[in-house]
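Here's a quick look at how two chains sit together. Have the structure open as you read.

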Number of protein chains: 2
Amino acid sequence: MKEIAKLAGVSIATVSRIINQNGRFSQATEERVNQIIKEHNYSIDSSPSNIWKAQKCNIGIIVPDITNPHFSALILQMQMALFYSGYSTIICNTNESEILEQKHVKTLKAQNVAGVILISGNRYHAALRKYPVVYVDRPHLGDDDDAVIIESDNEYGGYIVANEILRAGCKNIIFLMSKIKDINQRLRYNGYLRALKEHGMQERIEYIQNTENVSIYAGKASITSIIQKKLSFDGIIATTDTLAAGAYLALREYGIKVPEQVKLAGFDDCMIADICGTGITSVKQDVANMASIAVDMLLRQINGEKISTTKRQLTLTLSRRSSTDSSPLN
Amino acid sequence: MKEIAKLAGVSIATVSRIINQNGRFSQATEERVNQIIKEHNYSIDSSPSNIWKAQKCNIGIIVPDITNPHFSALILQMQMALFYSGYSTIICNTNESEILEQKHVKTLKAQNVAGVILISGNRYHAALRKYPVVYVDRPHLGDDDDAVIIESDNEYGGYIVANEILRAGCKNIIFLMSKIKDINQRLRYNGYLRALKEHGMQERIEYIQNTENVSIYAGKASITSIIQKKLSFDGIIATTDTLAAGAYLALREYGIKVPEQVKLAGFDDCMIADICGTGITSVKQDVANMASIAVDMLLRQINGEKISTTKRQLTLTLSRRSSTDSSPLN
């Protein structure tokens, strides 16, 4: 590679990028380098040991559910940032299963990836202790003080979205959350409780809906059962946009109008919030910023840097849409 | 593994699944096997050569855009089917880039995966000739007669969705497609032309919209420009649900009502069609069936079977929703 670089008048890194089709280089440079490789009969060493080294150009991303647009948007941002730094991305979907998550960790280790980004989930992986790892959107657990974590201020997110629903005049608010052991869900709930308290309102158990998972269909089933039970409500706060979309589908099926009869809000501000119904108010997670910080924290570890600030928390804002407009409820 | 299997009274395959945390086994069996490993001081060989073999439990899926819910739904179905057959799935997103696709093919080969599923894309990969490979939703190219392909009847899909829009009374129909060199897009267009002809209507160039890609935002930009040009239209056929959702966003922004003023239809029948606006009529791709056939065709190749029917084509149906209801246009 050194000789090729010299002959082509480019850096070794560029030659490596061209050979491995990693990162950025111009077509002209690629042609020049390939010409030199051909002319001088250089052969690319594709022996297992070299392949093994080449695998150090891969980053694994473990994600709970790629069909959730919030996660797929996050992955795409990360993948592009990693690509421009010369890394390929391997995506592993756990489908919320701990067995699958464990399995993916093993697979990625066996593949000798340069680093791992874990999105969501609750587990700390001792098996990854010596690896460059960034945990995204997962809570800080007690036994991993050196784990590098980036998360959103979920309690505050729950607080601002509850205030929005209260401001819109709702008195009987359903809180639609998943019962998965996800501390982020719990923190969003805590924020909602804080807002209720400030408005002098009590939590009512029958208005808390726990779903099996955060899918659209779980959200739809949950609100359908509420409607069938004839529980009276005028607002729904969902802890994800997927659950909010499911709630919207149930309301639409029963001819209940958003926002005229029920105000509705979600969390994540992914594309679902934009296209669902006439638009759903949602707590915006700054996916681009989160991805860029996560990738930066990972690359610094890969480059042997010691991360001084291992915990980063991003603030959240509200994206208002028509689902919480201030027209009187009727 | 043989000895452990004998002691535990289970098959070698079960021991392998437990050690590799692959596929199905009961908790009781897992505990028994782990107990035997512990009691007899068996050690799991995690040397590179063994890891190398273990990697034969991985399948690579290459996909153009994981943020498109049609593709993520397809991947999830494939992943679960593969998991129950003892395989882990590595997902590689190309973001519609040929460079990235080439790179992913190299990476998966270097990782010694057991097989590869390529979703969409136009390329035939000579590098994968000796690998078990299934091409999903890609056209049959001339030079790869032995390539295993499963696809939808896209021409027919274009035909039935055009008939639906025509039946709803539309006279000035925008055909919203991506200009990417995707033969499936072209086939859908051909089906639309066939329906037009049967209705004695002519194709009009100014009503064909070519977008840079099939993203929601490309669809929105395209229809926004049409509205600003004051081109009169009463129907939109989009070649993907993402483009249809983008069209819907543009119409909503300008206060143009679906279906009262404009009828709208998409393609794929993914979750977007369900939640967007009051629901968008869409050509249903049978994702579950497609995934299950693709996985079956791949596993049969991995097991050394010669596939006799290398080309499979699935038919398409229409999922009607309110966006093409038959209320008169006004």
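What follows covers the symmetry of the pair and then the interface.

This is a predicted model, in which local features need pLDDT of at least 70 and side-chain atom pairs count only at pLDDT 80 or more, while totals for chains, interfaces and linings use all residues. Residues are numbered from 1 along each chain as its sequence is written, chains are lettered from A in the order in which they are written, and side-chain values use heavy atoms, with hydrogens and water left out.

Start with the symmetry. Chain A lands on chain B after a rotation of 180° with 0.0 Å of shift along the axis, at an RMSD of 0.1 Å (least squares on the C-alpha atoms of residues with pLDDT of at least 70 in both). The two copies are thus related as by a two-fold rotation axis. Within chain A, Gly277(A) comes closest to that axis, its C-alpha being 2.0 Å away.

Now the interface, where contact means heavy atoms within 4.5 Å. Since 100% of chain A's interface residues are also interface residues in chain B, the copies meet through the same surface.

| Between chain A and chain B | Value |
|---|---|
| Residues in contact | 46 of chain A with 46 of chain B |
| Buried area | about 4,200 Å² |
| Salt bridges | zero |

Buried area is the accessible area (1.4 Å probe) that two parts lose on being put together, summed over both; carbon and sulfur atoms give 62% of it here. A salt bridge would need a side-chain nitrogen of Lys or Arg within 4 Å of a carboxyl oxygen of Asp or Glu.
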